[in-house]
Amino acid sequence: MPKQIDEELCIQCGRCLPECPNGGISGAGGEYVIDSGLCTECFGFHETSRCAEACPVDAIKDVEGMETADEELAARAVLLRPDHFPRD
(Lines give C-alpha, C1' and ligand atoms only; values in the text may rest on other atoms or scores of the structure.)
Protein backbone atom coordinates (compact mmCIF):
# COMPACT_ATOMS: atom_id res chain seq x y z
CA MET A 1 0.00 0.00 0.00
CA PRO A 2 1.25 3.51 -0.68
CA LYS A 3 2.24 5.48 2.38
CA GLN A 4 0.95 8.72 3.87
CA ILE A 5 2.12 10.94 6.70
CA ASP A 6 -0.23 11.52 9.61
CA GLU A 7 -0.03 15.29 10.22
CA GLU A 8 -1.08 14.93 13.83
CA LEU A 9 1.78 12.56 14.63
CA CYS A 10 4.50 14.08 12.43
CA ILE A 11 7.10 16.12 14.31
CA GLN A 12 8.59 17.59 11.09
CA CYS A 13 12.03 16.14 11.75
CA GLY A 14 12.68 15.49 8.03
CA ARG A 15 14.25 12.08 8.55
CA CYS A 16 11.95 10.59 5.90
CA LEU A 17 12.95 13.00 3.11
CA PRO A 18 16.24 11.43 2.02
CA GLU A 19 14.90 7.88 2.38
CA CYS A 20 12.59 7.87 -0.65
CA PRO A 21 14.45 6.54 -3.71
CA ASN A 22 11.90 8.25 -5.96
CA GLY A 23 11.89 11.69 -4.34
CA GLY A 24 8.25 11.18 -3.41
CA ILE A 25 8.34 13.00 -0.08
CA SER A 26 8.20 16.77 0.08
CA GLY A 27 8.05 19.28 2.86
CA ALA A 28 6.60 22.77 2.74
CA GLY A 29 5.31 25.05 5.45
CA GLY A 30 6.14 22.55 8.17
CA GLU A 31 4.05 19.80 6.59
CA TYR A 32 5.44 16.67 4.97
CA VAL A 33 3.56 14.84 2.23
CA ILE A 34 4.11 11.61 0.29
CA ASP A 35 3.07 11.67 -3.36
CA SER A 36 1.18 8.38 -3.78
CA GLY A 37 2.03 8.39 -7.49
CA LEU A 38 5.73 8.22 -6.63
CA CYS A 39 5.46 5.77 -3.75
CA THR A 40 6.66 2.30 -4.69
CA GLU A 41 7.06 1.19 -1.08
CA CYS A 42 10.79 1.08 -1.93
CA PHE A 43 10.14 -1.87 -4.28
CA GLY A 44 13.41 -2.92 -5.88
CA PHE A 45 15.46 -0.76 -3.53
CA HIS A 46 14.79 -2.03 0.00
CA GLU A 47 12.87 -4.86 1.65
CA THR A 48 10.58 -2.45 3.51
CA SER A 49 9.48 1.17 3.21
CA ARG A 50 12.47 3.15 4.40
CA CYS A 51 10.50 6.29 5.24
CA ALA A 52 8.41 4.38 7.77
CA GLU A 53 11.52 2.84 9.28
CA ALA A 54 13.21 6.24 9.60
CA CYS A 55 10.25 7.93 11.27
CA PRO A 56 10.88 8.19 15.03
CA VAL A 57 7.18 8.67 15.89
CA ASP A 58 5.50 6.17 13.52
CA ALA A 59 3.70 8.94 11.62
CA ILE A 60 3.96 7.13 8.29
CA LYS A 61 1.04 4.82 7.68
CA ASP A 62 -0.49 2.80 4.85
CA VAL A 63 -3.13 4.54 2.78
CA GLU A 64 -6.16 2.46 3.65
CA GLY A 65 -8.13 1.09 0.72
CA MET A 66 -5.25 1.55 -1.75
CA GLU A 67 -3.91 -1.95 -2.21
CA THR A 68 -1.14 -2.07 -4.78
CA ALA A 69 -0.04 -5.34 -6.35
CA ASP A 70 3.67 -6.12 -6.48
CA GLU A 71 3.47 -6.09 -10.29
CA GLU A 72 2.16 -2.52 -10.23
CA LEU A 73 4.84 -1.43 -7.77
CA ALA A 74 7.51 -3.01 -9.93
CA ALA A 75 6.21 -1.34 -13.09
CA ARG A 76 6.03 2.04 -11.35
CA ALA A 77 9.56 1.64 -9.98
CA VAL A 78 10.95 0.83 -13.44
CA LEU A 79 9.10 3.78 -14.97
CA LEU A 80 10.27 6.21 -12.28
CA ARG A 81 13.86 4.99 -12.02
CA PRO A 82 14.97 3.36 -15.30
CA ASP A 83 18.56 4.12 -14.26
CA HIS A 84 18.20 1.66 -11.37
CA PHE A 85 16.51 -1.07 -13.43
CA PRO A 86 18.49 -1.60 -16.64
CA ARG A 87 16.67 -3.46 -19.38
CA ASP A 88 18.32 -6.40 -21.07
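How much space lies in the second largest cavity? In this predicted model, the answer is about 80 Å³. A search of the whole structure returned two cavities of 30 Å³ or more. The largest cavity has a volume of about 100 Å³. Its lining comprises 14 residues, of which Cys20, Cys39, Glu41, Cys42 and Cys51 are the closest to the centre. By class, the lining of the largest cavity divides into eight nonpolar, four polar and two charged residues.

The second largest cavity is lined by 13 residues. Cys10, Cys13, Cys16, Cys55 and Ile60 lie nearest its centre. The class make-up of this lining is 11 nonpolar and two polar residues. No charged residue lines the second largest cavity, whereas two charged residues line the largest cavity.

Charge pairing was examined next. Side chains of opposite charge can pair when their charged atoms come close. The search of the whole structure found five salt bridges. One of them joins the side chains of Asp62 and Lys3, with an N to O distance of 2.3 Å. This pair links distant parts of the chain. Asp62 belongs to strand 4 (residues 60–62) and Lys3 to strand 1, with their positions 59 residues apart in the numbering. The two partners fall into separate accessibility classes. Asp62 is partly exposed, at a relative accessible area of 34%. Lys3 has a relative accessibility of 12%, so Lys3 counts as buried.

A salt bridge also connects Arg50 and Glu53. The closest N and O atoms of this pair are 3.2 Å apart. Both residues sit in helix 1 (residues 50–54). Because they are three residues apart there, about one helical turn separates them. Arg50 is partly exposed, with a relative accessible area of 27%. Glu53 is likewise partly exposed, with a value of 47%.

Asp83 and Arg81 form another of the salt bridges. Here the closest N and O atoms lie 3.1 Å apart. Asp83 reaches 60% relative accessibility and therefore counts as exposed. Arg81 is partly exposed, with a relative accessible area of 21%. Elsewhere, salt bridges that share partners join Glu19, Arg50 and Glu53 into one network.

Nonpolar side chains also appear on the surface. Leu9, Ile11 and Val57 make a nonpolar surface patch of about 220 Å². One of these patch residues, Ile11, lies in the loop between strand 1 (3–5) and strand 2 (25–28). Strand 1 is also the element that holds Lys3, the partner of Asp62.

A further loop position is Gly37. This glycine is found between strand 3 (31–34) and helix 1. Gly37 is partly exposed, with a relative accessible area of 40%. Gly37 and Pro2 are 35 residues apart in sequence. In space, their C-alpha atoms are 8.4 Å apart.

Two kinds of sequence separation thus occur among the paired charges. The Asp62 and Lys3 pair spans 59 residues, whereas Arg50 and Glu53 are three residues apart within helix 1.

Notes
Residues are numbered from 1 along each chain as its sequence is written. This is a predicted model: local features need pLDDT of at least 70, side-chain atom pairs count only at pLDDT 80 or more; totals for chains, interfaces and linings use all residues. Side-chain values use heavy atoms; hydrogens and water are left out. Patches are made of residues with over 30% relative accessible area and no salt bridge: like charges are joined within 9 Å, nonpolar side chains (Val, Leu, Ile, Met, Phe, Trp, Tyr) within 5 Å. Accessible areas come from the Shrake-Rupley method with a 1.4 Å probe; for residues, only the protein chains shown count as cover. A salt bridge is a side-chain nitrogen of Lys or Arg within 4 Å of a carboxyl oxygen of Asp or Glu. Helices (H or I, at least four residues) and strands (E, at least two) are DSSP runs, numbered from the N terminus. On a 1 Å grid over the protein atoms alone, a cavity is a set of points where a 1.4 Å probe fits but cannot get out, and a pocket is an open set with protein on both sides within 12 Å along at least five of seven lines; lining residues have an atom within 4 Å of a point. Grid points are joined across faces, edges and corners, and a volume is the space filled by probe spheres set on the points. Ala, Val, Leu, Ile, Met, Phe, Trp, Tyr, Cys and Pro count as nonpolar, Asp, Glu, Lys and Arg as charged, and the others, Gly among them, as polar. Buried means under 20% relative accessible area, exposed over 50%, partly exposed in between (1.4 Å probe, protein chains only).
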